[in-house]
Amino acid sequence: MALPCSLSRHCSLLLLVAGVAVLLVGSSTRPCAATLDDDIELIWGASHTYFFMDGPDTESLALSLDEQQGSCFRSKNTYLYGTISMDIKLVEGNSAGVVATIYTISEGPWSYHDEIDLEFLGNVSGQPITLHTNIFANGVGGREQQYYLWFDPTADYHTYSIEWNPKYIVIRVDGKAIRAFKNYEDQGVPYPTWQQQRVYGSLWDADEWATQGGAVKTDWSNAPFVAYYRNYNTTWCRPSPGVSWCGAEPKDSARFDLDQQTLADLQWVNANYRIYDYCTDHKRFNESDFPKECYLQRAGV
């Protein structure tokens with residue numbers, strides 16, 4: 001679970017359909033790159049953040065963490081279905097205990113909140129950073145999957161995306177799918193279908209659990225820790241022609257089926273870089289106690 005902490009005004013608007021705010025993006029199919037200080041807001045640790053020009057046309061945000069405080073931003077808009085992405089350069093050097101995040105979360109009561117998490121768990125120098133993912137729906141989480149990355153995420157910016165539609169939640173890294181969570185709501189498995197979510201990013205200390213189960217603590221002599229964020233992009237979820245919005249897409253539609261490249265990416269990443277999957281954790285679950293979606297996935301439903 002991530003620690004809680006828009007679209008460019010020139011190319012987007014919100015349309016109310018059946019009481020739900022649906023993201024629309026002009027006539028272009030390109031993502032709209034938000035101007036960071038226009039479309040996100042700092043909600044804590046403002047003294048630990050700064051905007052700067054990272055090149056002639058790119059505005060970036062630096063989040064920092066020291067022993068007194070971390071920092072966090074959120075989007076000014078909320079979204080229901082769509083793709084959200086951001087370029088992130090993670091903390092260099094010894095980042096044990098430090099967690100950087102990009103995630104979405106609903107704003108209703110916690111007991112039935114929805115959330116899609118990407119958390120980057122720091123490590124000691126030379127050891128891989130873990131990308132920890134989790135999905136909550138109607139207050140139910142515990143769907144953790146973890147990955148190493150096939151590159152050094154501290155050396156340069158890489159693009160991390162959440163693709164959310166009525167059939168799948170797909171998490172991508174540099175366009176490559178690493179995780180797909182299918183909607184099994186008709187089988188009794190909760191799925192986020194009705195609550196708008198807001199985007200958050202944060203940098204905070206979680207040394208009680210983040211690195212090697214909490215065995216390695218944050219070394220504050222390396223502070224301040226700094227992570228960089230830029231190119232916040234959102235694109236609307238496009239339904240089939242003639243369908244009013246994605247939430248009205250017919251159940252038997254193939255609109256949001258995974259394509260062959262996505263399936264190949266998932267197979268490659270899961271075979272080579274996935275290091276934890278709650279659906280295979282026999283220490284955590286007895287064979288009869290796995291979450292229902294685990295059995296459905298095994299059965300190829």
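In this predicted model, the side chains of Arg-298 and Glu-287 come together in a salt bridge, 2.8 Å from N to O. Arg-298 belongs to helix α3 (residues 292–298) and Glu-287 to the loop between β18 (274–277) and α3, so this contact ties together parts that are 11 residues apart in sequence. Arg-298 counts as partly exposed at 43% relative accessibility, and Glu-287 counts as partly exposed at 43% too. Arg-298 has another contact worth a look: it lies over the face of Phe-290, at 4.6 Å from the ring centre.

## Salt bridges

Side chains of opposite charge can pair when their charged atoms come close. The structure holds 11 salt bridges, and here are three of them, side by side.

| Pair | N to O distance | Relative accessibility |
|---|---|---|
| Arg-298 and Glu-287 | 2.8 Å | Arg-298 43%, Glu-287 43% |
| Lys-167 and Asp-257 | 2.7 Å | Lys-167 19%, Asp-257 42% |
| Lys-176 and Asp-265 | 3.6 Å | Lys-176 24%, Asp-265 6% |

Take Lys-167 and Asp-257, whose side chains meet at 2.7 Å, N to O. This pair links distant parts of the chain, 90 residues apart: Lys-167 is in the loop between β13 (158–164) and β14 (168–173), while Asp-257 is in the loop between β17 and α2 (260–272). Buried or partly exposed, what is Lys-167? With 19% relative accessibility, Lys-167 counts as buried, because the cut-off for buried is under 20%. Its partner Asp-257 counts as partly exposed, at 42%.

Next come Lys-176 and Asp-265, with their closest N and O atoms 3.6 Å apart. Here Lys-176 sits in strand β15 (residues 176–182) and Asp-265 in helix α2, so a strand and a helix that are 89 residues apart in sequence get tied together. The acid of this pair, Asp-265, is buried, with a relative accessible area of 6%. The base, Lys-176, counts as partly exposed at 24% relative accessibility.

Salt bridges also join up into a network, and one such network links Asp-54, Asp-87 and Arg-230. Arg-230 has an aromatic neighbour as well: it lies over the face of Tyr-157, at 3.7 Å from the ring centre.

## Aromatic pairs

A pair of aromatic rings is described by the distance of the centres and the angle of the planes. How many aromatic pairs does a search of the whole structure find? It turns up 17.

One of them is Phe-52 with Tyr-228, an edge-to-face pair at 5.9 Å centre to centre and 80° between the planes. The two rings link distant parts of the chain, with Phe-52 in strand β5 (residues 49–53) and Tyr-228 in strand β17, 176 residues apart. Phe-52 is partly exposed, with a relative accessible area of 24%. Then there is Phe-181 with Tyr-191, which is stacked: 6.1 Å centre to centre, with 0° between the planes. Phe-181 lies in strand β15 and Tyr-191 in the loop between β15 and β16, so the pair ties together parts that are 10 residues apart in sequence. Both Phe-181 and Tyr-191 are buried.

Beyond pairs, Trp-150, Phe-151, Trp-268 and Tyr-273 form one aromatic cluster.

## Backbone oddities

Most residues other than glycine have a negative phi, and most peptide bonds are trans. A few spots here go against that habit.

Tyr-81 is not a glycine, yet its phi is positive, near 70°. You'll find Tyr-81 in the loop between β7 (71–79) and β8 (82–89), and at 3% relative accessibility it counts as buried. Asn-231 also has a positive phi, of about 55°, although it is not a glycine. This time the residue is placed in strand β17, and Asn-231 counts as partly exposed at 28% relative accessibility.

Which peptide bond is cis, with omega near 0°? The one from Ala-223 to Pro-224. Pro-224 lies in the loop between β16 (197–205) and β17 (225–236).

Methods:
Residues numbered from 1 in each chain as written. Heavy atoms only, no water. Helix = DSSP H or I, 4+ residues; strand = E, 2+ residues; numbered from the N terminus. Buried < 20%, exposed > 50% of the residue type's maximum accessible area, 1.4 Å probe, protein only. Salt bridge = Lys/Arg side-chain N within 4 Å of Asp/Glu carboxyl O. Phe/Tyr/Trp six-rings, centres within 6.5 Å; stacked < 30°, edge-to-face > 60°. Lys NZ or Arg CZ within 6 Å of the ring centre and 35° of its normal.
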